[in-house]
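Here is a quick walk through a single-chain model, going from the overall fold down to one residue. Have the 3D view open while you read.

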Amino acid sequence: MKLTDISASLVLLGAIAVTPAYGASVSFTPIGSQLDKDAINDLEVNVDDTIDFSFVLDTSGLTANLQSLDLIFALDTSELIIRQEFRTDADRVAFSNFTGSLVENPPLGIPTVLFKRSDSIGVSPNSTLEISGATYQVLPGFKNDGLPDLALTVSSAIDANGIDVTSLFNPASQGIDVQPAPVPETTSLLGFLGLAALGTSSLLKNCSKRV
Ligand SMILES: [Ca+2]
Ligand SMILES: [Ca+2]
């Protein structure tokens with residue numbers, strides 16, 4: 001996949017639901033769940049919660065070693081602050097070359113980094129390895145806006161034969177929206193307000209009787 005395709009991939013993120021992976025994938029946990037009507041998976045959290053994420057590479061279905069892997073990683077730093085991010089020892093062994101560079105004019109409008117991994121040997125097919133981990137903390141003002149707060153896209157994958165195997169990674173993208181607990185339904189909120197009003201009026205009546 002070319003860099004010019006990145007925008008299209010990321011724009012599609014919000015509409016892609018996470019499906020069980022039977023082939024190659026790069027995915028993160030927790031995957032969240034569907035808590036509302038927008039397509040992106042959600043994670044219900046509170047301010048100051050810390051969330052530990054684990055990022056896993058699965059090379060199932062490839063026919064030759066994976067020698068090059070480019071990942072686009074976006075984080076909404078207005079909702080999540082980085083407490084720690086690290087590569088695992090397994091990742092360092094598997095990919096001796098590693099770079100990270102900021103993507104200019106990120107399509108989602110949130111800080112986005114292109115991480116490139118490569119190695120002369122790489123990772124054999126049908127392997128699973130945790131490549132990185134991170135801890136993020138929820139910032140005040142986080143919201144349910146149906147947009148990814150954390151998004152991961154496989155932008156390029158090349159095997160030992162020089163074949164572009166990017167399309168074998170499924171899903172190609174994963175995202176999650178951290179959000180607060182749902183607010184009460186409008187009807188029950190109105191009911192509550194009605195009861196409150198009744199309570200106020202009877203209180204006033206009682207007061208006026210005493211006067
Ligand atoms: Ca959702
Ligand atoms: Ca959010």
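## From fold to residue

In this predicted model, the chain's secondary structure adds up to three helices and ten strands. Follow the sequence and you get the pattern α-β-β-β-β-β-α-β-β-β-β-β-α. Of the 211 residues in the chain, 30% are buried. Contacts reach far along the sequence: among those with a separation of 6 or more, 83% are between residues 24 or more positions apart.

Now for the sheet. Six strands make an open sheet with mixed pairing, in the order β2-β10-β9-β4-β7-β6. The edges belong to β2 and β6, each with a single partner strand, so one side of each has no neighbour in the sheet. On average, neighbouring strands here are turned by 20° against each other, ignoring direction.

Some of the strands of this sheet, with their residue ranges:

| Strand | Residues |
|---|---|
| β2 | residues 41-44 |
| β4 | residues 66-75 |
| β6 | residues 97-102 |
| β7 | residues 112-123 |

The pairing of β6 with β7 is antiparallel and runs over six bridges. One bridge to look at is N97, whose partner in β7 is S118.

S118 also turns up in the surroundings of S68, a residue of strand β4. Beyond its neighbours within four places in sequence, S68 is in contact with S118, S156, A157 and I158. Is S68 buried or exposed? Neither label fits: it counts as partly exposed, because it has 19 C-beta neighbours inside 10 Å, and buried starts at 20. Finally, S68 and A160 sit 92 residues apart along the chain, yet their C-alpha atoms are separated by 8.5 Å.

Methods
Residues are numbered from 1 along each chain as its sequence is written. Chains are lettered from A and ligands numbered from 1 in the order in which they are written. This is a predicted model: local features need pLDDT of at least 70, side-chain atom pairs count only at pLDDT 80 or more; totals for chains, interfaces and linings use all residues. Helices (H or I, at least four residues) and strands (E, at least two) are DSSP runs, numbered from the N terminus. A residue is buried if 20 or more other C-beta atoms lie within 10 Å of its own, exposed if 12 or fewer, and partly exposed in between; C-beta atoms are placed from the backbone. Two residues are in contact if their C-beta atoms, placed from the backbone, lie within 7 Å. Two strands pair if DSSP finds at least two bridges between them. Axes are lines fitted to C-alpha atoms, for helices over the stretch in contact, and angles run from 0 to 180 degrees between N-to-C directions.
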